[in-house]
Amino acid sequence: MSTDRSNRKSGFATRAIHHGYDPMTAHGALTAPVYMTSTYAFESAEAGGAMFRGEKPGYIYGRTRNPTQALLEDRMAELEGGEAALALASGMGAISALLWTLLEAGDEVVVDHTLYGNTYYLFTKGLAKFGVRATSVDMTDPAALERALTPRTKLVYLETPANPSLRVIDLAAVAARARRVGAKTVVDNTFASPALQRPIEHGIDLVVHSMTKFLGGHGDLLAGALIGPKTVVDQVRGHGLRYLTGATIAPLTAFLVLRGLKTLELRMERHSASALAIARYLETHRRVTWVAYPWLDSCAQKDVARRQMSAGGGLLSFELDGGLAAGMRFMNALKLITRAVSLGDAETLVQHPASMTHAQYAPEERAKHGIADGLIRLSIGLETAADIEADLDQALDASA
Ligand code: 3LM
C-alpha cells in the first residue's frame with residue numbers, strides 16, 4: 001500500500017504501520033507474512049550460481065536474509081531516515097557486527113564517557129585484543145572530542161541519551177568534528193528511538209539499536225539493527241553478519257518487532273509524558289538528591305535535548321539521600337515496579353547500574369564515567385502514571 005498518495009510525506013506513525021508492505025502482494029493479508037524458512041529454492045543451477053556471484057537478486061540462505069526481516073529493514077531505514085538497514089539477533093549483535101566489519105588492527109576509535117556496560121567492554125577489552133585502541137572522552141564537551149581525534153580515528157561512537165546517566169550529546173557538533181578527520185560517526189539510538197530522535201538528520205553516519213527495547217516494546221524478544229549508507233549496510237551483511245558473528249534475527253522475531261513498530265509513536269508519547277511527570281515528582285521529594293532526565297529544566301544539556309529530540313523518553317536516573325544502602329532498601333520496597341534490567345517495556349522496571357547493567361566497569365572506571373554507586377535507573381512503563389508514582393512514594397517512605 002502506498003503511504004504517499006499525494007506529494008505530502010506521510011507522518012511517522014503512518015510509515016511505522018504501512019511502509020514497504022502492500023497486502024495485495026500476500027493474498028490481502030493485513031499483517032505481513034512470516035517466512036519460516038532457513039533456505040530458498042533456486043529456479044535452476046545456473047540461477048543459484050548467479051545469485052552467489054551477486055549477478056542476480058534473490059534470497060539464498062536464512063543467515064543473511066529473510067523476507068520478513070527485509071520488510072523490517074525497509075521500515076527501519078525509512079523511520080530513521082537512512083538509505084538501508086540490517087536487522088540482527090540482538091543489539092550487541094548489531095554493534096559487534098558493525099565494529100568487526102569496519103575496524104582493523106591499528107585503528108583508533110573515540111567513544112563517549114558513558115556507554116552501556118557490554119558496549120564499553122567490547123570497545124575497551126574485546127576490540128583491544130585485536131589491536132584497536134579506544135579513547136574515552138566526555139562528548140558533552142565538543143572541544144574534548146576535537147582534542148581526542150587523530151588521523152587514525154576511524155570511528156566516533158556514542159549513545160544519547162546515554163545509558164544509564166541520561167547525558168545528552170549534541171549530534172550535529174559531533175558529526176561536524178568527526179567529518180573533519182574523515183571518521184565515521186555511530187550513534188546508539190536505543191534510548192530515544194526514531195520516534196523521538198533521528199541522528200542521521202543531524203549528520204550522523206550510522207545508527208545502531210537494541211530493538212529488544214522500545215522498538216519491540218513488550219519485553220518478549222531480543223533484536224538489533226543497524227541503519228546507514230547502503231554500501232556500509234551491505235558490507236556488514238556480507239561480512240559482519242555472514243561470517244564474523246552469524247547474529248541472524250529469527251523470522252518470528254522480525255514479525256514481533258514489526259508489530260511493536262506499529263504502536264511505537266503512541267507508546268513513546270506515553271512513556272515520555274509519564275517519565276517527565278515522575279522526574280518532576282522525584283526532583284521535589286526530600287529523599288532524592290538528584291534526578292537525571294533530558295526534559296527537566298535542571299538538565300545541563302536541556303537545550304541540546306530540545307533541539308534534537310521531540311520528547312524526553314522513558315528513562316530516568318536518580319540517587320537517594322543515603323546512597324547505595326538507601327537505594328537497595330528502596331528497590332526492595334517496590335511493589336508494582338519490577339526489579340529487572342532491560343528497558344522500554346510496558347512494565348516499569350528498576351535496576352541498579354553499578355551492580356547490574358554496568359557491572360562490567362571497574363569501580364574506579366564507573367566513578368570516572370559518571371556512574372555513581374548509588375544511582376538507580378527507572379524505565380517508566382505504560383501503566384497509569386499515578387500508580388507508578390504511588391509505588392515510588394510508598395517505597396521512598398519505606399526506605400527511609
Ligand atoms: C540494559 N541494555 O538494561 P541487546 N545498547 C544499549 C543498551 O541499553 C543495550 C544494548 C545496546 C540493557 C540490557 S543488561 C544485562 C540488559 C543502549 C542493552 C544491547 O543485545 O539487545 O541486549 O542490546 O541497559
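Where is Leu166 found? Leu166 lies in the loop between β4 and α7; helices (H or I, at least four residues) and strands (E, at least two) are DSSP runs, numbered from the N terminus. The model is predicted, so local features need pLDDT of at least 70 and side-chain atom pairs count only at pLDDT 80 or more, while totals for chains, interfaces and linings use all residues. Residues are numbered from 1 along each chain as its sequence is written, and side-chain values use heavy atoms, with hydrogens and water left out.

The loop has further features. Phi of Leu166 is near 65°, a positive value in a residue other than glycine. Pro161 is also in the loop between β4 (153-159) and α7 (171-180), and a cis peptide bond with omega of about -10° joins Thr160 to Pro161. Pro164 belongs to the loop between β4 and α7 too; its cis peptide bond is with Asn163, and omega there is about 10°.

Now turn to the ligand. It is surrounded by 18 residues, each with a heavy atom within 4 Å of the ligand. The closest are Asp188, Ser210, Thr212, Lys213 and Ser342. Helix α4 (residues 91-102) gives the largest share of this shell, 3 residues. At least three shell residues come from each of domain 1 (12-103 + 151-156 + 178-261) and domain 2 (264-398), with bounds from an automatic or database domain assignment.

Two backbones approach oxygen atoms of the ligand: a backbone N or O atom of Gly91 lies 2.8 Å from one, and a backbone N or O atom of Met92 lies 2.9 Å from one.

Technical notes
A polar contact is a pair of N or O atoms within 3.5 Å; within protein, one must be able to donate a hydrogen and the other to accept it, and residues adjacent in sequence count only if both atoms are side-chain atoms.
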